[in-house]
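Hi,

Here's the structure I promised to pass on to you. Have a look at it first, then read my notes underneath.

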Protein chains: 2
Amino acid sequence: MGENQGLSGLSGGAGSCSPPATTHLPHAVLAIDIGGTHFRVALFDPQGRQLVISEGETLRSGGREWMLDEILKRTLALLGEARSTAATCGISFGGPVDFRQQKVTSVHSPGWENFSFAQWVDVNLHLPCLIDNDANAGALGEFRFGAGRGTEAMVYVTLSTGIGAGVILNGKIHRGKDGLAGELGHIPISEAGNTCSCGAVGCLESFSSGWAIAERGREWRRLRGDSLAALGDSSRSRSEGITAREIAQAASQGDPADLEIMRAAARTLARGLLTVIRLLNPDRIILGGGLIQAGAVLLDPLRESLTKLASPTIGYSTEIVTAELGEYSPLYGAAAMALELTAGLP
Amino acid sequence: MGENQGLSGLSGGAGSCSPPATTHLPHAVLAIDIGGTHFRVALFDPQGRQLVISEGETLRSGGREWMLDEILKRTLALLGEARSTAATCGISFGGPVDFRQQKVTSVHSPGWENFSFAQWVDVNLHLPCLIDNDANAGALGEFRFGAGRGTEAMVYVTLSTGIGAGVILNGKIHRGKDGLAGELGHIPISEAGNTCSCGAVGCLESFSSGWAIAERGREWRRLRGDSLAALGDSSRSRSEGITAREIAQAASQGDPADLEIMRAAARTLARGLLTVIRLLNPDRIILGGGLIQAGAVLLDPLRESLTKLASPTIGYSTEIVTAELGEYSPLYGAAAMALELTAGLP
């Protein structure tokens with residue numbers, strides 16, 4: 001950071017002997033966050049302050065082409081709005097990314113598999129670009145600009161439809177041999193259980209993620225529906241589309257079954273977090289992702305379970321906190337990646 | 001390393017203008033490994049080659065004073081035998097160590113609690129000294145001189161009476177906020193189970209360690225003894241002192257109950273190792289400690305369980321191997337610590 005050569009080539013209109021007459025802010029960077037439900041495009045200044053942002057809901061049926069179109073349109077609109085140019089770009093992608101090859105490797109979202117996203121940005125926006133998955137991006141966002149400031153070792157846990165983690169050690173993302181470090185959702189927390197989205201059995205994600213909570217809620221409603229149907233009621237169909245958010249809301253309003261569903265998810269999650277503490281003993285664990293919005297019905301039993309699990313002889317001072325940047329941690333991480341890139345500009 | 005000032009002050013007898021006339025090897029370092037059953041004192045050359053060694057069985061009833069006496073005696077004998085001097089000292093201790101304060105913090109071994117071991121070495125042997133626990137020392141030993149050579153990230157797992165791990169990331173021991181990283185034995189692998197030595201419930205150590213295996217063996221023999229007693233046999237008393245080593249031997253000879261005890265321990269251990277892979281995805285996991293001598297009755301079901309646990313969509317290339325230095329990994333780690341210290345000598 002701190003040099004403006006990277007920008008000058010893109011700003012245009014400036015004479016070579018006098019400072020540019022335009023009013024745009026120097027050194028802006030482009031940050032993109034693509035999630036399963038939302039996407040965001042924003043410009044940040046070199047201090048990591050958000051200048052302008054454009055957000056939308058992800059149209060899953062639109063696939064890759066729709067998304068790329070939206071990004072292009074909104075980026076150009078933002079640059080116009082801010083009367084700015086961008087020097088670099090960072091992307092947080094809500095799915096598997098091969099960081100070394102800078103490729104999306106998601107097989108669940110049609111059209112994204114093996115997509116060289118950074119190269120697309122280079123060709124279409126003429127910007128150097130770095131892409132990473134949302135767990136690593138979220139970790140970086142909190143580390144640089146949120147609840148992870150001042151730590152050396154921290155783990156950002158994203159609790160959403162799935163569960164992931166970004167591990168920062170000695171101030172850098174630890175990626176592992178295959179780039180798979182931080183797969184907290186797929187630690188074998190139990191010997192048995194439902195089959196996980198990954199195809200294995202006993203993964204933390206199959207107990208404590210958004211989809212697991214929704215699945216438990218549906219199961220319970222089916223059972224209850226069957227009982228009611230036997231009594232002439234036909235409420236069974238209402239359960240089919242239920243989401244983790246709705247279950248958390250019902251729990252917050254005191255529904256005993258949904259409270260117990262949230263409690264069970266929290267109990268298993270507590271074992272997952274204690275596992276992180278035992279292996280890495282980080283300065284801080286930062287909880288992010290949409291599921292955190294469930295609030296007390298998740299976080300209270302989580303803390304209770306951690307207290308119950310504690311060993312009387314092996315204490316720890318690792319703090320467990322919620323993300324300071326809320327659902328924007330990955331976007332700020334994308335900005336942090338873009339800012340790292342500006343340091344390497346000629 | 002590579003400078004001999006640290007040594008010259010200790011060698012004595014050398015004139016200031018001519019090379020020393022003694023035959024001792026330059027740059028030797030002292031390595032000490034204190035375990036619950038064995039202890040070792042050895043001299044190593046700067047390349048980490050063992051020059052001379054003295055080994056004995058730990059007399060638990062002798063306590064700290066007996067052990068320190070043995071170390072002093074044997075060190076002086078080794079130095080005489082090798083006609084050498086030592087520049088520095090490294091210690092591997094089979095129990096909790098506060099690395100920052102260079103103190104033993106073990107509460108299980110009377111007399112060792114809060115003992116400033118490095119300071120004792122300074123006063124009694126006049127050597128700069130570093131001490132660490134045996135899991136970290138074993139990790140360092142394998143990393144520098146054994147199966148971990150060439151890796152950047154590796155985890156050494158010591159399977160013994162208890163279970164511990166030393167985590168090396170970016171070529172350095174990762175200790176964590178409270179120095180408690182690598183407490184693999186105390187990850188909450190199960191929601192229920194026997195109470196662990198740490199006082200918590202569900203720890204990996206209470207399923208897969210030497211003491212857990214011995215405990216299962218005793219339980220089984222008590223049950224069998226009770227059945228036999230009902231038939232007029234009195235073999236029950238034979239079970240009381242049985243060890244994990246004897247159970248592994250019986251399993252190797254085909255005893256079905258002991259085979260199942262080893263298999264159950266291996267199954268849970270496999271979940272512990274996969275947890276390490278999911279979170280850290282290291283280049284290599286290296287299995288050490290006395291329990292490894294059980295061989296196929298432990299390692300075969302361990303590999304089978306890892307295959308069964310595999311996710312069809314999340315592969316990994318982390319290798320799982322046994323320690324190249326066998327039960328000497330911690331001693332070599334102590335040598336590595338001592339060699340690191342020589343680099344800092346004036």
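Below is what turned up, going from the whole chains down to single residues.

First, a caution: this is a predicted model.

**The overall picture**

Let's start with chain A. It has 346 residues, and 48% of them count as buried. Its secondary structure comes to 10 helices and 12 strands. If you take the contacts in chain A with a separation of 6 or more, 65% of them are between residues 24 or more positions apart.

The domain assignment splits chain A into domain 1 (5-141 + 328-343) and domain 2 (151-323). Where these two touch, domain 1 of chain A puts in 11 residues and domain 2 of chain A puts in 13. On the domain 1 side, helix 4 (residues 134-145) of chain A supplies the largest share, six residues. Sorted by class, that side of domain 1 of chain A has four nonpolar, four polar and three charged residues.

**How the two chains go together**

Two copies of a chain are related by a rotation about an axis and a shift along it. What turn and shift lay chain B on chain A? A turn of 180° and a shift of 0.0 Å along the axis do it, with an RMSD of 0.0 Å. That is how a two-fold axis relates its copies. Both copies also use the same surface, as 100% of the contact residues of chain B recur in chain A.

The contact takes 37 residues from chain B and 37 residues from chain A. On the chain B side, helix 8 (residues 256-280) of chain B gives the most, with seven residues. By class, that side of chain B breaks down into 19 nonpolar, 12 polar and six charged residues.

**A covered strand in chain B**

Now find strand 4 (residues 89-93) of chain B. Five of its five residues are buried, so the rest of the structure largely encloses it. In a regular strand the side chains alternate between the two faces of the sheet. Here both faces are covered: Cys89(B), Ile91(B) and Phe93(B) are buried on one side, and Gly90(B) and Ser92(B) are buried on the other.

Which strands pair with strand 4 of chain B? One is strand 1 (residues 29-34) of chain B, which runs parallel to strand 4 of chain B and is joined to it by five bridges. In that pairing, Ile34(B) has Phe93(B) as its bridge partner. Another is strand 7 (residues 129-133) of chain B, again parallel and again over five bridges. There, Cys89(B) is partnered with Cys129(B).

**A covered helix in chain B**

Helix 4 (residues 134-145) of chain B is a good place to check a prediction by hand. At 1.5 Å a residue, its 12 residues should span 16 Å, and the end C-alpha atoms are indeed 16 Å apart, so the two agree. (If you try this yourself, multiply by one less than the number of residues.) Helix 4 of chain B is also mostly covered, with 12 of its 12 residues buried. Among them are Asp134(B), Leu140(B), Phe143(B) and Arg144(B).

**Some single residues**

Most residues other than glycine have a negative phi, and most peptide bonds are trans. Two residues here are worth a look on that score. Gln102(A) isn't a glycine, yet its phi is positive, near 55°. You'll find Gln102(A) in the loop between strand 5 (97-98) and strand 6 (103-104) of chain A. Asn170(B), also not a glycine, has a positive phi of about 50°, and it sits in the loop between strand 9 (163-169) and strand 10 (172-173) of chain B.

How exposed are they? Gln102(A) counts as partly exposed because it has 18 C-beta neighbours inside 10 Å. Asn170(B) has 11 inside 10 Å, so it counts as exposed.

To finish, here are two glutamates. Glu81(B) lies in helix 2 (residues 63-82) of chain B and is exposed, with 12 other C-beta atoms within 10 Å. Its C-alpha atom is 10.0 Å from that of Ile53(B), and the two residues are 28 residues apart along the chain. Glu340(A) lies in helix 10 (residues 329-343) of chain A. With 16 other C-beta atoms within 10 Å, Glu340(A) is partly exposed. The C-alpha atoms of Glu340(A) and Glu70(A), 270 residues apart along the chain, are separated by 25 Å.

Cheers

How values were computed
Residues are numbered from 1 along each chain as its sequence is written. Chains are lettered from A and ligands numbered from 1 in the order in which they are written. This is a predicted model: local features need pLDDT of at least 70, side-chain atom pairs count only at pLDDT 80 or more; totals for chains, interfaces and linings use all residues. Helices (H or I, at least four residues) and strands (E, at least two) are DSSP runs, numbered from the N terminus. A residue is buried if 20 or more other C-beta atoms lie within 10 Å of its own, exposed if 12 or fewer, and partly exposed in between; C-beta atoms are placed from the backbone. Two residues are in contact if their C-beta atoms, placed from the backbone, lie within 7 Å. Copies are superposed by least squares on the C-alpha atoms of residues with pLDDT of at least 70 in both. Two strands pair if DSSP finds at least two bridges between them. Ala, Val, Leu, Ile, Met, Phe, Trp, Tyr, Cys and Pro count as nonpolar, Asp, Glu, Lys and Arg as charged, and the others, Gly among them, as polar. Domain bounds come from an automatic or database domain assignment.
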